[in-house]
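Here is a set of short exercises to work through with the structure open beside you. Try each task before reading its solution.

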Amino acid sequence: MDDTFKPSRRAFLRGSAAVAAGSVAGAAAATGPDPLITELQDWTSYTGVGVDETPYGMPISFESHVVRRNVEWLTASPISSINFTPIHALEGTITPQGCAFERHHSGAIELAKPDYRLMINGLVDQPLVFTYDDLERFPRENHVYFCECAANTGMEWAGAQLNGVQFTHGMIHNMEYTGVPLRILLNEAGADMSADKWVYVEGADASSNGRSIPMEKALDDVLVAFKANGEALRMEHGYPVRLVVPGWEGNMWVKWLRRIEVTDMAVESREETSKYTDVLEDGTARKWTWEMDAKSVITSPSPQMPIKHGAGPLVISGLAWSGHGKIARVDVSKDGGITWETARLGKQGDTKALTRFYLDMEWDGAPMLLQSRAMDDTGYVQPTKEQLREKRGENSVYHNNCIQTWYVNSQGIAENVEVS
């Protein structure tokens with residue numbers, strides 16, 4: 001295919017007419033006027049529901065399949081488990097709160113705003129306790145950031161496992177967060193903000209999920225957030241207050257945030273020693289691997305989004321992101337990485353946010369091995385799985401940002417395969 005191919009509107013309409021005439025698999029031949037156009041339909045013959053029917057708007061029933069899903073055999077109990085964002089069925093970059101993945105260590109809790117308290121203690125001039133109302137009085141900021149679980153794509157280390165981009169890459173969301181920069185609250189308490197200090201953060205749920213964060217990061221872009229996408233956080237996302245740690249693994253984004261302690265050193269909690277460390281090929285484990293490296297995936301076509309229209313104009317679409325900054329470029333391969341074409345990037349917003357990419361093409365019905373490869377503005381290039389395995393083998397769990405492959409057959413059905 002020519003790299004500069006851009007389907008014209010006239011060419012697209014010719015393709016659409018061919019579909020209507022039954023020239024592609026599954027299309028019915030046109031034998032006369034379309035009754036959906038020529039005949040009066042029920043929905044034009046009666047009044048609809050009133051404006052007070054649904055005080056909080058919900059998706060229409062025809063989109064009931066666009067939901068988070070879990071994989072039951074991944075964990076022993078849904079109380080300490082995860083579900084997956086339906087990224088295959090979403091467009092643009094913003095994730096609706098109702099579709100954003102959940103990860104809990106002891107279940108989501110109900111904590112009312114009047115009962116909420118946030119303590120700042122440790123190496124501070126004055127230990128402080130904030131109510132929810134207190135937090136809303138501080139200067140606030142709005143930023144769009146992605147949140148990715150460190151275990152996203154973790155099942156794929158040993159080979160192609162889960163047949164759906166929702167399950168291979170769906171431990172991610174991208175939302176506009178509103179909150180108070182953590183540095184403002186630390187300053188309010190007179191914290192020792194020396195470069196060698198740390199903050200230890202914990203949640204109000206039973207697990208607390210305590211994590212240590214270097215002071216440099218705490219003073220940079222960390223938010224104490226109380227809104228997402230313009231509304232209150234959902235219960236499963238830490239209502240009423242959570243931490244936002246841009247570009248860093250999702251377990252650092254402590255939900256139901258209750259305490260921030262300024263310390264001389266990392267606390268070395270369970271979640272940062274026995275968990276969330278990366279096993280290397282020689283069996284040793286590396287820790288403090290907070291940043292999420294550049295990564296991308298094609299969301300359509302994919303196993304849950306087959307090509308239904310047959311040969312003709314096709315838009316390949318996907319998502320790219322990097323915890324180190326912005327996405328500078330995404331390349332797409334249709335032959336398993338032998339040749340590459342530069343994709344068109346959608347509108348970019350904040351750094352450390354999802355970027356949508358597109359490749360517009362003419363599909364002739366031939367099978368494809370689809371891959372995408374992201375590059376961020378630091379120059380980092382998304383690796384192949386073989387490159388990752390050279391350093392970490394097949395027994396790792398976290399930080400798998402390898403290139404993903406979908407095999408698309410001549411019928412447009414996609415399957416998860418491995419091309420290292």
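**Exercise 1: a strand and its neighbours**

Strand β16 (residues 312–321) runs antiparallel to β20, and nine bridges pair the two. Keep in mind that this is a predicted model.

*Task.* Find the bridge partner of Ile-316 in β20, then work out which strands make up the open sheet that holds β16 and β20.

*Solution.*
- Step 1. Start on β16: Ile-316 has Leu-359 as its bridge partner in β20.
- Step 2. Look for another partner of β20. Strand β19 (residues 344–345) is joined to β20 by two bridges, and the two run antiparallel. Here Arg-344 stands opposite Tyr-358.
- Step 3. Put the strands in order: the open sheet has four strands, β15-β16-β20-β19, with antiparallel pairing. Its edge strands are β15 (295–300) and β19, each of which pairs on one side only.
- Step 4. Now check how β20 is surrounded. Seven of the nine residues of β20 (residues 355–363) are buried, so the rest of the structure largely encloses this strand.

**Exercise 2: a second open sheet**

*Task.* Which strands stand at the edges of the open sheet of five strands, and which residue is opposite Asp-331 in β21?

*Solution.*
- Step 1. Write down the strand order, which is β18-β17-β21-β22-β23, with antiparallel pairing.
- Step 2. Read off the ends. β18 (341–342) and β23 (414–417) are the edge strands; each has a single partner strand, so one side of each has no neighbour in the sheet.
- Step 3. Move to β17 and β21. Six bridges join β17 (residues 327–333) to β21 (residues 368–376), and these strands run antiparallel. Within this pair, Asp-331 faces Arg-373 of β21.

**Exercise 3: where two domains meet**

*Task.* Describe the contact between domain 1 and domain 2: how many residues take part on each side, and how much area is buried?

*Solution.*
- Step 1. Set the bounds: domain 1 covers 72–286 and domain 2 covers 295–417. Their C-alpha centres lie 27 Å apart.
- Step 2. Count the contacts. In domain 1, 45 residues touch 42 residues of domain 2.
- Step 3. Turn to area. About 3600 Å² is buried between domain 1 and domain 2, and carbon and sulfur atoms give 53% of that. On the domain 1 side, His-88, Trp-157 and His-169 lose the most area to domain 2, together 22% of what that side buries.
- Step 4. Add the charged pairs. Three salt bridges are counted between domain 1 and domain 2. Separately, you can locate the salt bridge of Glu-148 with Lys-295, whose closest N and O atoms are 2.9 Å apart.
- Step 5. Compare with the record. The unreviewed UniProt entry annotates residues 286–404 as "domain: Moybdenum cofactor oxidoreductase dimerisation". Over residues 286–404 the chain is 7% helix and 39% strand.

**Exercise 4: salt bridges, buried or exposed?**

*Task.* The structure holds 25 salt bridges. Take the pairs below and decide how accessible each partner is, using under 20% relative accessible area for buried and over 50% for exposed.

*Solution.*
- Step 1. Glu-249 pairs with Arg-211, with 3.5 Å between the closest N and O atoms. Glu-249 lies in the loop between β11 (242–244) and β12, and Arg-211 in strand β8 (residues 211–214), so the pair ties together parts that are 38 residues apart in sequence. Both Glu-249 and Arg-211 are buried.
- Step 2. Arg-286 and Asp-278 meet at 3.4 Å, N to O. Arg-286, at 34%, is partly exposed, whereas Asp-278, at 0%, is buried.
- Step 3. Glu-418 and Arg-389 form a salt bridge with closest N and O atoms 2.6 Å apart. This pair links distant parts of the chain, with Glu-418 in the segment after β23 and Arg-389 in helix α7 (residues 385–392), 29 residues apart. Glu-418 is partly exposed at 32%, while Arg-389 is buried at 17%.
- Step 4. Finish with a network: salt bridges link Asp-192, Asp-196, Lys-197 and Asp-264.

**Exercise 5: one residue in its surroundings**

*Task.* Is Ile-260 buried or exposed, and which residues does Ile-260 touch, leaving out those up to four places away in sequence?

*Solution.*
- Step 1. Locate Ile-260 in strand β12 (residues 257–263).
- Step 2. Check its accessibility: Ile-260 has a relative accessible area of 0%, so this residue is buried.
- Step 3. List its contacts beyond four places in sequence, among them Leu-118, Met-119, Ile-120, Leu-182, Leu-186 and Val-199.

Conventions. Residues numbered from 1 in each chain as written. Predicted model: local features only at pLDDT ≥ 70, side-chain atom pairs only at ≥ 80, totals over all residues. Heavy atoms only, no water. UniProt positions renumbered as here; feature names shortened; annotations may be inferred. Buried < 20%, exposed > 50% of the residue type's maximum accessible area, 1.4 Å probe, protein only. Pairing = 2+ DSSP bridges. Domains from an automatic or database assignment. Contact = heavy atoms within 4.5 Å. Buried area = accessible area lost by both parts, 1.4 Å probe. Salt bridge = Lys/Arg side-chain N within 4 Å of Asp/Glu carboxyl O.
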